[in-house]
Amino acid sequence: MTRSLWVFHAALSPCNNCDIEILDLLTPRHDVERFGITLIGSIRHADVLLASGVPTTKTVTRFKELYEQTTQPCLVAAIGSCAGGGNMFRDSYNSPCSLDDLVPVDVYIPGCPPKPEAMIAGVVKLIEKLKGNV
Amino acid sequence: MNLLLHIFFYLIFPGFVFAALAGLISGWIDRKVTARIQWRVGPPWYQNFVDIAKLMGKEVVVPGERSTVFLCAPLLGLCAAVLAATAIGLAFISPDAGFVGDVIVMVYLLLIPAVAVMIGASASRNPLASIGAAREMKLVMGYELPFILILLVIIVRSDGALRLGEIISYQASGGSNITSFSGILAFAVGILCTQAKLGFIPFDAAEAEQEIMGGTMIEYSGAPLALFKLTRAVMLYTMPVFLILLFWAGSLNTFALVGKYVLILVIIVLIKNTNPRLRADQALKFFWGPVSLVALFALVLALAGL
């Protein structure tokens with residue numbers, strides 16, 4: 001599984017910067033397909049769930065449903081400061097909880113938005129965790 | 001003994017194991033060429049094997065109550081594709097193998113994987129999957145007409161031979177079909193039909209990841225999904241080999257065959273990477289309009305002996 005991570009991208013009302021940086025990973029400069037990482041369309045095929053943005057009252061239920069639809073084993077990666085800790089929306093009227101209250105998060109990648117290099121470092125940690133080294 | 005030999009043909013060579021290995025390697029060629037076109041490095045050669053092994057170990061989720069149909073559909077498609085690969089491979093090994101009319105059986109066998117995809121998608125009771133199944137159905141109706149027309153071209157050119165082995169021996173004595181006018185036209189049509197049968201862009205509306213999230217594959221996970229990927233791999237091996245059998249079987253040494261196979265594969269991948277996706281109705285118009293006309297023209301040329 002460490003050589004073939006299929007990634008599903010779930011946007012929990014992000015500002016789109018993290019999403020653009022995620023797409024950067026697939027471009028020629030970084031090309032994560034070298035390591036078997038591909039974006040896929042259906043949640044049923046996913047090995048990693050990328051979550052970006054703060055969970056809002058609207059997206060909380062949907063994200064829970066999404067996580068229940070995954071096939072185990074499926075890891076969760078929190079991309080960006082928003083998904084990691086709420087950023088400046090932590091005390092907002094519209095963000096009832098943080099991401100790790102909803103689902104177990106395996107790796108946090110901070111940054112606003114995180115650089116592609118930071119995300120690669122995060123994925124390497126995720127793979128180390130899968131191998132049982134952490 | 002005879003039965004054991006047939007089981008060996010079906011399961012090992014030139015059947016399941018060989019076709020799946022060749023197909024998965026071809027899948028890597030597809031991904032690597034795509035990556036190079038996009039100025040990327042691309043995955044290592046064993047990537048598709050790792051993907052299949054991983055999918056085998058994942059959880060299988062079955063939606064709804066139609067679990068038998070849902071789980072049997074991938075198996076049906078794989079069995080049919082492997083049977084087609086076996087028959088075509090045996091025709092290359094010994095032209096006496098096969099029976100009168102196995103060209104017609106090929107049409108049906110190569111259709112079953114698409115039917116299996118439709119059955120599985122419909123059994124999953126997902127609205128996006130049913131959209132995908134409907135598109136797949138329209139695409140099948142579109143490409144089957146020119147596909148049968150080019151088979152007619154070949155049959156006419158080999159004096160009404162209805163056996164794969166006879167088609168090969170006709171070309172061995174009279175030169176490859178592709179060297180004639182009707183042959184080259186029919187070959188071009190055959191490449192387009194192959195493209196559609198494999199579900200490659202521009203004919204991938206049934207599985208469009210960006211708009212209907214994987215379409216027909218959306219509810220599949222784990223082992224059944226791996227079976228569908230294997231079916232796709234076996235088809236990726238079978239269809240170019242079938243084209244070689246029909247058009248390009250003049251010389252049959254192994255190196256020439258592999259070279260021709262890789263050439264056809266790269267042409268298909270180049271078409272895939274330089275075209276946008278067609279809507280289902282556009283694809284239907286394309287196949288029933290210009291492509292069928294070209295195939296008909298090739299048929300007329302073949303009847304005239306060109």
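Trainee: In what order do the elements of chain A run from the N terminus on?

Mentor: Happy to start there, with a predicted model whose residues are numbered from 1 along each chain as its sequence is written, and whose chains are lettered from A and ligands numbered from 1 in the order in which they are written. Local features need pLDDT of at least 70 and side-chain atom pairs count only at pLDDT 80 or more, while totals for chains, interfaces and linings use all residues. Chain A holds five helices and five strands, where helices (H or I, at least four residues) and strands (E, at least two) are DSSP runs numbered from the N terminus. Their order is β-α-β-β-α-β-α-α-β-α.

Trainee: What order do the five strands take in the open sheet of chain A?

Mentor: Two strands pair if DSSP finds at least two bridges between them. The pairing in this sheet is parallel. Strand 2 (38-39) and strand 5 (107-109) of chain A are the edge strands, each pairing on one side only. The strand order is 2-1-3-4-5.

Trainee: Which residue of strand 5 of chain A stands opposite Ala78(A)?

Mentor: Strand 4 (residues 75-79) of chain A runs parallel to strand 5 of chain A, and three bridges join them. Opposite Ala78(A), in strand 5 of chain A, stands Tyr108(A).

Trainee: What radius of gyration does chain A have, and why does it agree with a compact globule?

Mentor: The radius is taken over C-alpha atoms, and the globule rule is 2.2 Å times the number of residues to the power 0.38. The C-alpha trace of chain A spans about 40 × 30 × 30 Å along its principal axes. For 134 residues a compact globule would come near 14 Å, so chain A agrees, with 14 Å.

Trainee: How many helices are there in chain B?

Mentor: From the N terminus on, the elements of chain B run α-α-α-α-α-α-α-α-α-α-α-α. Strands number zero in chain B, and the helices number twelve.

Trainee: What is the radius of gyration of chain B?

Mentor: Along its principal axes, the C-alpha trace of chain B spans about 55 × 50 × 40 Å. A compact globule of 306 residues would have a radius near 19 Å, and chain B agrees because its own value is 19 Å.

Trainee: What share of the residues of chain B count as buried?

Mentor: A residue is buried if 20 or more other C-beta atoms lie within 10 Å of its own, exposed if 12 or fewer, and partly exposed in between, with C-beta atoms placed from the backbone. In chain A, buried residues make up 40% of the 134 residues. For the 306 residues of chain B, the share is 50%.

Trainee: Which helix of chain B gives the most to the largest nonpolar core?

Mentor: A nonpolar core is a set of buried Ala, Val, Leu, Ile, Met, Phe, Trp, Tyr and Cys residues joined through C-beta atoms within 7 Å. The largest has 91 residues, and those touching the most other members include Ala84(B), Ile88(B) and Val234(B). With 18 residues, the top contributor is helix 10 (residues 222-247).

Trainee: Is Ala87(B) buried or exposed?

Mentor: Ala87(B) sits in helix 4 (residues 67-93) of chain B. Not counting residues up to four places away in sequence, Ala87(B) touches Gly98(B), Asp102(B), Met106(B) and Leu164(B). Because Ala87(B) has 24 C-beta neighbours inside 10 Å, the verdict is buried.

Trainee: What distance separates the C-alpha atoms of Gln195(B) and Leu236(B)?

Mentor: Gln195(B) lies in helix 8 (residues 181-197) of chain B, and counts as buried because 22 other C-beta atoms lie within 10 Å. Gln195(B) and Leu236(B) are 41 residues apart along the chain, and their C-alpha atoms are separated by 9.6 Å.

Trainee: How many residues of chain B are in contact with chain A?

Mentor: Contact requires two C-beta atoms, placed from the backbone, to lie within 7 Å. Chain A brings 14 residues to the interface, and the number from chain B is 24.

Trainee: What ipTM does the model score?

Mentor: Chain B has a mean pLDDT of 85, with 96% of its residues at 70 or more; pLDDT is the predictor's confidence in each residue, from 0 to 100. The model's pTM is 0.87, and its ipTM is 0.82.
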